[in-house]
Amino acid sequence: LFDRFSQRDYVLLEHLEAHGLLAGTTANDIFETLVRARMRLAGEHLAFALSLAPTNPAHRRQIISRCYYAMHHSARAVLLYRNHREYIIHSNDRDSVIERFSRIFPDPDGQRQRRMLQDWHDLRVDVDYNPSLASDLLTEAQLAQQEAQRS
């Protein structure tokens, strides 16, 4: 029904529901389905990342990338639940997932989550686009699996 969900979409659903036009479902039912879909996507990325062995050098970049995407989609689900709006841009924008996430959770834990998302975003960009990355990816891949499970 909705690929991306705006605040106007939510208002429209509420209007349709108020007029009995949602055929036995509610705006919240549709909305919760979208949130669950985002969490399922995060879970798929995490499950794939955890199925890979960080001891295998060919897996390390994928582990880091998929763990970041698990964190990213989890944050998107939280934002969708909280703001009734989709955010898809990763970073460096006022409406990015990372910036919006830090605004709704301004406390120290929220700021820690923001820094973690930004750090993993930056490393994901490095591992996805830099073929001659010189860092020890074994350590980062192992840490990515641990942090993605916690987030």
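Are Tyr68 and Tyr69 buried or exposed? Both are buried. The points below take up this pair and then the rest of the predicted model.

1. The aromatic pair. A search of the whole structure turns up one aromatic pair. Tyr68 and Tyr69 form it, in an edge-to-face arrangement, with 5.2 Å centre to centre and 65 degrees between the planes. The edge-to-face label applies because planes over 60 degrees apart are counted that way. A pair of aromatic rings is described by the distance of the centres and the angle of the planes.

2. Overall architecture. The protein chain contains six helices and zero strands, and its pattern along the sequence reads α-α-α-α-α-α. Along the principal axes, the C-alpha atoms fill a box of roughly 60 × 30 × 25 Å.

3. Burial and contacts. The protein chain has 151 residues, of which 44% are buried. Of the contacts with a separation of 6 or more, 58% are between residues 24 or more positions apart.

4. Surface and charge. About 8500 Å² of the protein chain is exposed, and carbon and sulfur atoms supply 52% of that area. There are 19 positive and 20 negative side chains. The centres of these two sets lie 1 Å apart.

5. Helix α2. This helix covers residues 27-51, which is 25 residues. From the first C-alpha to the last it reaches 36 Å, close to the 36 Å expected at 1.5 Å a residue. Its buried residues include Ile30, Phe31, Leu34, Val35 and Leu46, and also Arg38 and His45. The buried residues of α2 pack against three helices: α1 (7-18), α3 (60-83) and α6 (137-150).

6. Helix α3. The end C-alpha atoms of α3 are 34 Å apart, which agrees with the 34 Å that its 24 residues should span at 1.5 Å a residue. Of those 24 residues, 19 are buried, so α3 is largely enclosed by the rest of the structure. The residue that follows α3 is His84, and its phi is positive, near 55 degrees.

7. The loop between α1 and α2. Ala23 lies in this loop. Ala23 is not a glycine, yet its phi is positive, at about 50 degrees. With a relative accessible area of 76%, Ala23 is exposed, because the cut-off for that class is over 50%.

8. Gln118 in helix α5. Gln118 is placed in α5, which runs over residues 108-129. Its relative accessible area is 13%, so Gln118 falls under the 20% limit and is classed as buried. Which residues does Gln118 contact, leaving aside its neighbours within four places in sequence? They are Ser91 and Ile98.

9. Asp109 in helix α5. Asp109 also lies in α5. Why is Asp109 partly exposed? Its relative accessible area is 44%, and the partly exposed class lies between the 20% and 50% limits. Asp109 and Leu79 are 30 residues apart along the chain, and their C-alpha atoms are separated by 16 Å.

Technical notes: Residues numbered from 1 in each chain as written. Predicted model: local features only at pLDDT ≥ 70, side-chain atom pairs only at ≥ 80, totals over all residues. Heavy atoms only, no water. Helix = DSSP H or I, 4+ residues; strand = E, 2+ residues; numbered from the N terminus. Buried < 20%, exposed > 50% of the residue type's maximum accessible area, 1.4 Å probe, protein only. Contact = heavy atoms within 4.5 Å. Areas by Shrake-Rupley, 256 points an atom, 1.4 Å probe, with all protein chains shown as cover. Lys, Arg positive; Asp, Glu negative; His and termini not counted. Charge placed at Lys NZ, Arg CZ, Asp CG, Glu CD. Phe/Tyr/Trp six-rings, centres within 6.5 Å; stacked < 30°, edge-to-face > 60°. Expected span 1.5 Å × (residues − 1).
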